[in-house]
Amino acid sequence: MSTYSHEQAVTTEAVASVRRTRRRIGILALLAVGTMINYLDRTVLGIAAPELTQELGINAAIMGIVFSAFAWTYALAQIPGGLFLDRFGNKITYFLSLTLWSLFTLFHGMAVGIKSLLLCRFGLGVSEAPCFPVNSRVVSAWFPQQERAKATAVYTVGEYLGLACFSPLLFWIMGSFGWRALFISVGVVGIIFAIVWWRCYREPQEDKHLSKQERDYIAAGGGIEAAAQTTQFSWPLVRQLLSKRQIVGASIGQFAGNTVLVFFLTWFPTWLATERHMPWLKVGLFAILPFLAAAGGVMFGGWVSDKLLKATGSANLGRKLPIIVGLLMASCIISANWLHSDTAVILVMSFAFFGQGMVGLGWTLISDMAPAGLGGLTAGLFNFCANLAGILTPLVIGFIVAAFGNFFYALIYIGGAALLGVVAYVFILGDVKRLELTEQQR
């Protein structure tokens with residue numbers, strides 16, 4: 001069983017008692033803002049969908065393909081993106097990724113038909129692929145193990161807070177200026193932030209503003225050194241990583257959580273408008289609540305995970321239990337099929353999305369388990385498997401709605417996927433520990 005050792009706790013607490021800078025908090029703020037922009041760019045299509053489909057003449061099944069198209073190239077680019085990250089590092093990789101995905105977002109506003117829209121989605125998927133591997137690698141380098149779950153929660157919450165906080169503004173922009181203005185506005189914001197990232201980000205071993213005390217504190221918890229190590233890519237490395245039950249179990253669990261997430265990011269506003277027959281303004285207001293709940297789930301999951309790790313010394317309990325509970329909560333989305341009150345529906349959706357937010361802790365697992373020098377490749381493999389949900393979920397829901405005329409079986413599919421994640425964490429994942437490959441495996 002993996003444990004957070006007593007000796008390591010004593011060391012980090014002793015170093016923590018020394019006055020030190022808080023430079024890592026500034027780095028975490030950069031990740032949080034970048035992640036917020038990342039999810040605004042990929043999900044603004046869900047807000048634009050009702051107007052966009054009318055103008056371009058797109059039906060539910062075709063819109064499912066458009067929603068899914070992003071994930072096709074996003075998933076396929078995970079391994080190349082991870083290799084690029086391990087080769088060129090966090091700063092260059094994230095700057096190029098952020099700049100390109102912002103440009104493709106802006107180009108959405110110029111789409112004239114299904115072909116141009118699909119090209120924009122494909123480009124967005126490729127360019128966003130390195131984002132979360134960079135996040136995971138930065139957290140592993142800048143934070144000691146006992147702080148990684150909270151750090152992961154802080155940047156992950158940007159996935160949800162962006163839409164929760166800015167949805168009213170986005171709906172206003174669409175109502176006042178049209179759906180094309182949505183994409184152009186968000187794209188411009190991303191390009192500006194790319195410049196901020198380039199000017200502000202440094203690796204811990206290169207940052208002149210990082211004090212010796214904070215550097216020692218991070219290093220005592222297993223940070224800094226991991227980022228400095230690199231390993232040359234080979235396909236046997238990929239096979240060996242995929243042979244590890246920890247990678248397989250975590251990937252299936254993240255696939256399950258992403259299935260729930262993708263529903264909320266794509267079809268949820270349409271479900272409220274068509275299945276629940278809510279006026280569009282009410283959709284905008286009601287859609288905020290589940291995203292706020294999910295943000296709370298992210299923060300709660302990170303907080304309770306680090307608390308459990310510190311109190312029990314067990315990474316298995318501290319990392320796996322919050323995710324399992326979150327997936328069980330997410331599976332309750334099925335019950336919305338039998339509810340008549342809009343208020344009750346939103347409460348159930350908020351409860352389920354709170355649980356899904358806790359599943360974001362899976363990125364902390366990868367930070368804890370990735371072999372030294374393979375953080376980018378491991379995260380890329382993990383994100384590839386997890387984001388197969390981004391391909392399947394919009395398509396499955398689109399075809400279900402087209403075939404049956406409602407979302408009844410779609411919600412059953414989503415809840416069932418969450419239960420599959422529980423099975424993966426309980427029976428497949430095994431011990432949470434830093435994986436090691438033999439020289440022959442490397």
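This note comments on the cavities, nonpolar cores and salt bridges of a predicted model.

1. Internal cavities. Four cavities of 30 Å³ or more are counted in the model. The largest has a volume of about 180 Å³. Its lining comprises 16 residues, and those closest to the cavity centre are Arg 42, Phe 70, Val 262, Leu 265 and Thr 266.

2. Lining of the largest cavity. At least two lining residues come from each of helix 2 (23-56), helix 3 (60-76), helix 14 (245-266) and helix 21 (388-404). Helix 14 is the greatest contributor, supplying five residues. By residue class, the lining of the largest cavity holds nine nonpolar, five polar and two charged residues.

3. The second largest cavity. This cavity encloses about 130 Å³ of space. It is lined by 16 residues, of which Tyr 39, Glu 159, Gln 254, Asn 258 and Trp 363 lie closest to the centre. Helix 2, helix 9 (158-177), helix 14 and helix 20 (375-386) each provide at least two residues of this lining. Here too helix 14 gives the most, in this case three residues. The lining of the second largest cavity consists of eight nonpolar, six polar and two charged residues.

4. Nonpolar cores. The largest nonpolar core contains 121 residues; the members that touch the most others are Met 63, Trp 142, Phe 263, Phe 264, Phe 268, Trp 271 and Met 349. Helix 2 makes the greatest contribution to this core, with 14 residues. Apart from the largest core lies another, of eight residues, including Ile 79, Val 238, Leu 374 and Leu 437.

5. Contacts of Phe 264. When residues up to four places away in sequence are left out, Phe 264 touches Pro 269, Pro 290, Phe 291, Ile 333, Met 349 and Phe 353. Of these partners, Met 349 is also listed with Phe 264 among the core members that touch the most others.

6. Salt bridge between Glu 214 and Arg 24. The structure holds nine salt bridges. In one of them, the side chains of Glu 214 and Arg 24 meet at 2.9 Å, N to O. The pair connects distant parts of the chain, with Glu 214 in helix 11 (residues 212-220) and Arg 24 in helix 2, 190 residues apart. Glu 214 counts as buried because its relative accessibility is 0%. Arg 24 is likewise buried, with a relative accessible area of 1%.

7. Salt bridge between Arg 42 and Glu 128. The closest N and O atoms of Arg 42 and Glu 128 are 3.0 Å apart, and the two residues form a salt bridge. This pair also links distant parts of the chain: Arg 42 belongs to helix 2 and Glu 128 to helix 6 (residues 114-128), 86 residues apart. Arg 42 has 9% relative accessibility and therefore counts as buried. Glu 128 is buried as well, at a relative accessible area of 0%. Arg 42 is, in addition, one of the residues closest to the centre of the largest cavity.

8. Salt bridge between Asp 306 and Arg 319, and its network. Asp 306 and Arg 319 form a salt bridge in which the closest N and O atoms are 3.0 Å apart. Asp 306 lies in helix 16 (residues 280-312) and Arg 319 in helix 17 (residues 315-330), so the salt bridge ties together parts 13 residues apart in sequence. Asp 306 counts as buried at 4% relative accessibility, as does Arg 319 at 0%. Through salt bridges that share partners, Arg 148, Lys 150, Asp 306, Arg 319 and Asp 368 are joined into one network.

Key: Residues are numbered from 1 along each chain as its sequence is written. This is a predicted model: local features need pLDDT of at least 70, side-chain atom pairs count only at pLDDT 80 or more; totals for chains, interfaces and linings use all residues. Side-chain values use heavy atoms; hydrogens and water are left out. On a 1 Å grid over the protein atoms alone, a cavity is a set of points where a 1.4 Å probe fits but cannot get out, and a pocket is an open set with protein on both sides within 12 Å along at least five of seven lines; lining residues have an atom within 4 Å of a point. Grid points are joined across faces, edges and corners, and a volume is the space filled by probe spheres set on the points. Helices (H or I, at least four residues) and strands (E, at least two) are DSSP runs, numbered from the N terminus. Ala, Val, Leu, Ile, Met, Phe, Trp, Tyr, Cys and Pro count as nonpolar, Asp, Glu, Lys and Arg as charged, and the others, Gly among them, as polar. A nonpolar core is a set of buried Ala, Val, Leu, Ile, Met, Phe, Trp, Tyr and Cys residues joined through side-chain atoms within 4.5 Å. Buried means under 20% relative accessible area, exposed over 50%, partly exposed in between (1.4 Å probe, protein chains only). Contact means heavy atoms within 4.5 Å. A salt bridge is a side-chain nitrogen of Lys or Arg within 4 Å of a carboxyl oxygen of Asp or Glu.
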